[in-house]
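Reader: Please take one part of this structure and go through it closely, then place it in its surroundings. I would like one connected account.

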There are 2 protein chains.
Amino acid sequence: MARPREFERDVVLDRAMKLFWSRGYAATSIRHLVERMGIQRGSLYGAFGDKRALFFAAIERYDRVMTSRLLATLDAPGSGLEAIRRFFRLKVEAAQERGRPRGCLVTNSAAELGSRDRATASRIGATLGRIEAAFHRAVVRAQQAGEIDPARDARALARFLTSSAQGLSVMAKASPDRATLDDIVRITLEVVDRR
Amino acid sequence: MARPREFERDVVLDRAMKLFWSRGYAATSIRHLVERMGIQRGSLYGAFGDKRALFFAAIERYDRVMTSRLLATLDAPGSGLEAIRRFFRLKVEAAQERGRPRGCLVTNSAAELGSRDRATASRIGATLGRIEAAFHRAVVRAQQAGEIDPARDARALARFLTSSAQGLSVMAKASPDRATLDDIVRITLEVVDRR
DNA sequence: CACTTTCTTGACCGGTCGTTCAGGAACTGG
DNA sequence: CCAGTTCCTGAACGACCGGTCAAGAAAGTG
C-alpha cells in the first residue's frame, strides 16, 4: 500500500457540482475549481480526469443527491396526486434557500449544452427521462386511485409536468420571487387537480 | 464626411445574435464572433464596444426581432384564447426549423447568467416581464370575451404561461422531438381552454 | 529502519482569451 | 487633387485557459 488520498472524493465533488451549478460549464475554470474544491490541480486531474469528466461526475452526483431526493417524493407510497403536489412545493421551497445555487443543474446544462455537445445532451436527456418516468408512475397511480381521470393521456401529462419543472427552474433562476413561483405552481397543479 | 462603414450593423449583429443563441455567452469567443460576423476585431470593438456590450445588443435585437414577433401574435386582434394557442403552436413550429438555433436566447441567458450577472439578469427580467404582460393582456381579453372564466386569477395564469414557454424552450433544446413538444403544448393549453 | 508506492505540490506548457492600437486604405468635401 | 476623417487590417498585449509533469512528502510493508 501507499499514501492514502487526503481528501474525500464526494466532498470535493460536491463543491465542484455547486460551482458548475451556479456558474455553468464554460464559465467555470480549473483555477476556480481547485480554489473552491480545496485541492490542487494535479489532484483534480488525478482523481477525475479532465474538466469534462469532472463535469460529468458532478452531474452524476447531482443526479444521485438532488434529483433522486426529489424523485423519491414522487415515488413515495400514498396518493400519486399528493406526491406531485409535494414535488412542486419542494421545488419552490428549495428555490428560497439561501446559499443554494439558483435554478437546477440539469435545466441549466440543458440550456447551455443541449444542442452543442452530443454526450452531455444524452446525459441530460437521460435525467429528463427519469423525471418524466417518475411523473408517469405518479400519474398512473393517481389514475388508478381515481384522483385523475383515467381517460387522460398519462404520458402527455408526465411530459407536461417535466416541462413545467424546467420552466419553474428557469423562472427561479431569473426571478426567485416567491409569489411568482407560487402562482406558477398553483396553476400547474390545477392541470392534474381538477375539482 | 469620411469613409463609410463597409458592413450593415444589423446584418452582422444578427449573426452575432445567432452565435450567442446557439453557444451561450461564455462559450462564444471574439475569434468565433469575428469569423461568423465577417468583420475584423477592430471593427467589432469600434461598432459595439466590448463583448458584453455586443451581447446586450444581441439580446436587444433578439427582443426586437424574435420576441416581438411572437408577442405580436398575442396582441393580434381577435380571440385572446386563440392568440395564446397560436403563440405555443408557433413556438413548436419554430423549434422544428432546420438551421435555427435550438431553444430561446432569453431562456438560455436566464439559465446561464440569471444569478451571476446583475445587469444581464435585469435585462432578461425585463423581457420576461414583457412576455408576462402580453400573456396577461391576452388572458384578460379572453376573460372579457367569456372564453376564460373571469373568476380566475389572470396574473397567475400569465405567470404560468410565461413559465410554460420557458419550460418548452428548455425541452426544445434538450430533445426537440415533435411529439413530446405537442404533448406539452396540448396539456398546457388545457389550462386556459377548459371545455 | 529502508523501500516502495501513491499523493501532493507548484512550476510550466502551448494555446487562446478579450482587448488595444499603429498604420495603411477608402471615402467625402472643398 | 488635396485635406480631413473614418474605417479596416493585422500584429501585439498581458492574462488566463486546460492540461502536464518532475520532484518532494507521506503513508504502508518488510
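**Helix packing and the chain contact**

Author: In this predicted model, 43% of the 195 residues of chain A count as buried. Chain A has 9 helices and 0 strands, and its elements run α-α-α-α-α-α-α-α-α from the N terminus on. The C-alpha trace of chain A spans about 60 × 40 × 30 Å along its principal axes. Among contacts in chain A between residues at least 6 apart in sequence, 63% join residues at least 24 apart.

The part for a close look is helix H1 of chain B, residues 9-23. H1(B) has 15 residues, and from its first C-alpha to its last it reaches 21 Å, close to the 21 Å expected at 1.5 Å a residue. Buried in H1(B) are B:Val12, B:Leu13, B:Ala16, B:Met17, B:Leu19, B:Phe20, B:Trp21 and B:Arg23. An α-helix has 3.6 residues a turn, so residues three or four places apart point the same way. The buried residues of H1(B) pack against three helices of chain B: H2 (30-37), H4 (51-75) and H6 (105-113). After H1(B) comes B:Gly24, with a positive phi near 85°.

A loop residue also meets H1(B). B:Pro101 sits in the loop between H5 and H6 of chain B. Leaving aside neighbours within four places in sequence, B:Pro101 is in contact with B:Lys18, B:Trp21 and B:Ser22. B:Pro101 counts as partly exposed because it has 18 C-beta neighbours inside 10 Å, whereas B:Trp21 is buried. B:Ala53 is 48 residues from B:Pro101 in sequence, and the C-alpha to C-alpha distance is 21 Å.

H4(B), one of the helices that the buried residues of H1(B) pack against, also packs with helix H5 of chain B, residues 80-96. The axes of H4(B) and H5(B) come within 7 Å and cross at roughly 155°. An angle over 145 degrees counts as roughly antiparallel, so H4(B) is roughly antiparallel to H5(B). Their crossing is right-handed. H4(B) brings B:Leu70, B:Thr73 and B:Leu74 to the contact, and H5(B) brings B:Ala83, B:Ile84, B:Arg86, B:Phe87 and B:Leu90. By class, this contact of H4(B) with H5(B) has 6 nonpolar, 1 polar and 1 charged residues.

Chain A offers another helix pair to set beside this one. Helix H7 (residues 118-144) and helix H8 (residues 154-174) of chain A pack at an angle of about 130°, with their axes 8 Å apart. H7(A) and H8(A) are therefore oblique to each other. The crossing of H7(A) and H8(A) is right-handed. Among the residues that make the contact are A:Leu128, A:Ile131 and A:Phe135 of H7(A), and A:Leu157, A:Leu161 and A:Ala165 of H8(A). The residues of the contact of H7(A) with H8(A) divide into 10 nonpolar, 3 polar and 3 charged.

The last level is the contact between the chains, which takes 42 residues from chain B and 42 residues from chain A. On the side of chain B that touches chain A, the elements giving two or more residues are H1, H6, H7 (118-144), H8 (154-174) and H9 (178-192) of chain B. H8(B) gives the most to that side, with 14 residues. By class, the side of chain B that touches chain A has 17 nonpolar, 15 polar and 10 charged residues. H1(B) thus has two roles in this account: its buried residues pack against H2, H4 and H6 of chain B, and H1(B) is among the elements on the side that touches chain A.

How values were computed: Residues are numbered from 1 along each chain as its sequence is written. Chains are lettered from A and ligands numbered from 1 in the order in which they are written. This is a predicted model: local features need pLDDT of at least 70, side-chain atom pairs count only at pLDDT 80 or more; totals for chains, interfaces and linings use all residues. Helices (H or I, at least four residues) and strands (E, at least two) are DSSP runs, numbered from the N terminus. The expected span of a helix is 1.5 Å times one less than its number of residues. A residue is buried if 20 or more other C-beta atoms lie within 10 Å of its own, exposed if 12 or fewer, and partly exposed in between; C-beta atoms are placed from the backbone. Two residues are in contact if their C-beta atoms, placed from the backbone, lie within 7 Å. Axes are lines fitted to C-alpha atoms, for helices over the stretch in contact, and angles run from 0 to 180 degrees between N-to-C directions. Angles under 35 degrees count as roughly parallel, over 145 as roughly antiparallel, 65 to 115 as roughly perpendicular and the rest as oblique. A crossing is left-handed if the near helix is turned anticlockwise from the far one by less than a right angle, and right-handed if clockwise. Ala, Val, Leu, Ile, Met, Phe, Trp, Tyr, Cys and Pro count as nonpolar, Asp, Glu, Lys and Arg as charged, and the others, Gly among them, as polar.
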